[in-house]
Amino acid sequence: MNLTHPFLDADGDKLREECGIFGVIGAKEAAAMTALGLHALQHRGQEAVGIVSYDGKDFFARRGLGHVAQVFSDASMFAELPGEMASGHVRYSTTGGQGLRNVQPLHADLARGAFSVAHNGNISNAMHLKQELVNKGAIFQSTSDTEVILHLIATSRYPTLMDRLVDALRMIEGAYSLICMTPKRMIACRDPLGIRPLAMGKIGDATVFASETVALDVVGAEFVREVEPGEIIEVRQDGRVTSHRPFGDNSPRPCIFEHVYFSRPDSVMGGHSVYEVRKAIGMELAKEAPVEADLVIPVPDSGVPAAIGYAQQSGIPFELGIIRSHYVGRTFIQPSDGARHADVKRKHNANRALVEGKRIVLIDDSIVRGTTSMKIVQMMRDAGAAEVHMRVASPPTSHSCFYGVDTPERHKLLAARMDVQEMTKFIVADSLAFVSIDGLYRAVGAKGRNNACPQHCDACFTGDYPTRLTDMAERSADEDQLPLPVGKVA
């Protein structure tokens, strides 16, 4: 979502989706409905929120830093966002990218009329395109890659706005789900590989779009279907719906990590309940990596469904051996090393009466840098656990994501630097195992991974990126050509 490196939490030890989007056309109090939908998507972005509405004559916008409930704390605020069409966006900020100028939806007055866009994903050639546009005289107001889309539409030579949008999308690579608004219509689309999700629903005569089906549930909309990969859906003010497929047929590659962690467990993704998939991952993990133990304990909250599946498959009792505080926000300033180490205990605390003397299986969704896993394993030992066996409901995260997820640089990923045996020693566990890539695919309903034509984007596990990474390649080329520092001899 941004042209700068993504912001990470204190430990950088959780993968974060960078945004969620929601839009509705044909509903009274559309902005209020949008805020409610964004609240259901709050887990996808917790640092900024924006809503743009249209009342038939003018566009109105309100943006702010913070949670949806903080920025839209008073119902009277929706009087400033009139109209029966609105779209909204929640996001995480990034290094160098904080502040209101990057809060979406972005809005501009183009030659063919006003246009707003909310974007989930990441354009992997955004820097390349931006440089070309700047060289032609374009002036950028933000560091967001989403603004590149606006400039490409504005400079397209095609006569109609829809043609200009298609022209712009043909020039970009990477991942995107978009909700756009013009004075006459709402437009929703996904990239040709469908990497990032987008669902369509109906409530009365209104049409609703959202990153996840849970947002449709919360506003009372009925799920209709997913926006197909490469599809552009146009909804006019009178309710007419038109589907365009300008990119031909492609083999979809939706992000498999949506099933592992990003989406809420009460969402449906690709026709599968996210909760049931996570349980199935736990079952696969129990088959692939059994261990003699007394208790199966999830790292809350993301490890819970997989831990239930592991316990059901293995017959080992499931217990809440770690209690999570729900009142700890993300920590931006850690004044000392001691405070950093205490941070995990403020979020999680061992249930000593349950854990003491027991052989435990800890279930978590992923290991990124490994720092949190190490602290939680130590917490279990401090609480008197006799053995601590770590099981992870995803394959090793060994590669960075360039499609809208804020993974660290590859050299900071534990699995890029160590094999499983070395990782086991690093987190000081008695054993460590990850679900296999084929086990993960089986959990989402496939027979296994089709290596010739993978059914999902799993680049963070395999390094098999489904699109070109132009910006990354050009940056690497520039680094290779850097001159030697003055005074240095090769």
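Which side chains does a polar contact of 3.1 Å join? Let's work towards that one and a few others in this predicted model, where local features need pLDDT of at least 70, side-chain atom pairs count only at pLDDT 80 or more, and totals for chains, interfaces and linings use all residues. Residues are numbered from 1 along each chain as its sequence is written, and side-chain values use heavy atoms, with hydrogens and water left out.

**Exercise 1. Place S431 and find its partners.**

Step 1: Locate the residue. S431 lies in strand β21; strands (E, at least two residues) and helices (H or I, at least four) are DSSP runs, numbered from the N terminus.

Step 2: Judge its burial. S431 counts as buried because its relative accessibility is 17%. The cut-offs are under 20% relative accessible area for buried, over 50% for exposed, and partly exposed in between (1.4 Å probe, protein chains only).

Step 3: Look for the polar contact. The side chains of S431 and R391 are joined by one of 3.1 Å. The term covers a pair of N or O atoms within 3.5 Å; within protein, one must be able to donate a hydrogen and the other to accept it, and residues adjacent in sequence count only if both atoms are side-chain atoms.

Step 4: List the wider surroundings. Leaving aside neighbours within four places in sequence, S431 is in contact (heavy atoms within 4.5 Å) with V388, H389, M390, R391 and T424.

**Exercise 2. Work out which side of helix α14 is buried.**

Step 1: Pick out the buried residues. In α14, residues 420-427, these are M423, T424 and I427. They sit on the same side of α14 because they cover an arc of only 105° around the axis, taken from the directions from the helix axis to the C-beta atoms.

Step 2: Turn to the other face. Q421 and K425 are exposed on the face of α14 turned away from its buried side.

Step 3: Find the cover. Elements covering the buried residues of α14 include α12 (371-382), β20 (387-392), α13 (414-417) and β21 (431-434).

Step 4: Inspect both ends. At the start of α14, a side-chain oxygen of D419 comes to within 3.2 Å of the backbone nitrogen of Q421. Just after α14, V428 has a positive phi of about 60°. V428 belongs to the loop between α14 and β21 and is partly exposed, with a relative accessible area of 43%.

**Exercise 3. Describe how α4 meets α5.**

Step 1: Take the geometry. Helix α4 (residues 146-155) packs against helix α5 (residues 161-171) at an angle of about 125°, with their axes 8 Å apart.

Step 2: Classify the angle. That makes α4 oblique to α5.

Step 3: Name the contact residues. I149, L152, I153 and A154 of α4 meet L161, R164, L165, A168 and M171 of α5. Step 4: Check the conventions. Axes are lines fitted to C-alpha atoms, for helices over the stretch in contact, and angles run from 0 to 180 degrees between N-to-C directions. Angles under 35 degrees count as roughly parallel, over 145 as roughly antiparallel, 65 to 115 as roughly perpendicular and the rest as oblique.

**Exercise 4. Track down unusual backbone spots in loops.**

Step 1: Check omega. The peptide bond from Q104 to P105 is cis, with omega near 0°, and P105 lies in the loop between β4 (85-91) and β5 (106-110). A cis peptide bond also joins P300 and D301, with omega about -5°; D301 is in the loop between β16 (295-298) and α9 (304-314).

Step 2: Check phi. E29, a residue other than glycine, has a positive phi near 50°. E29 lies in the loop between β1 (19-25) and α1 (30-40) and counts as exposed at 65% relative accessibility.
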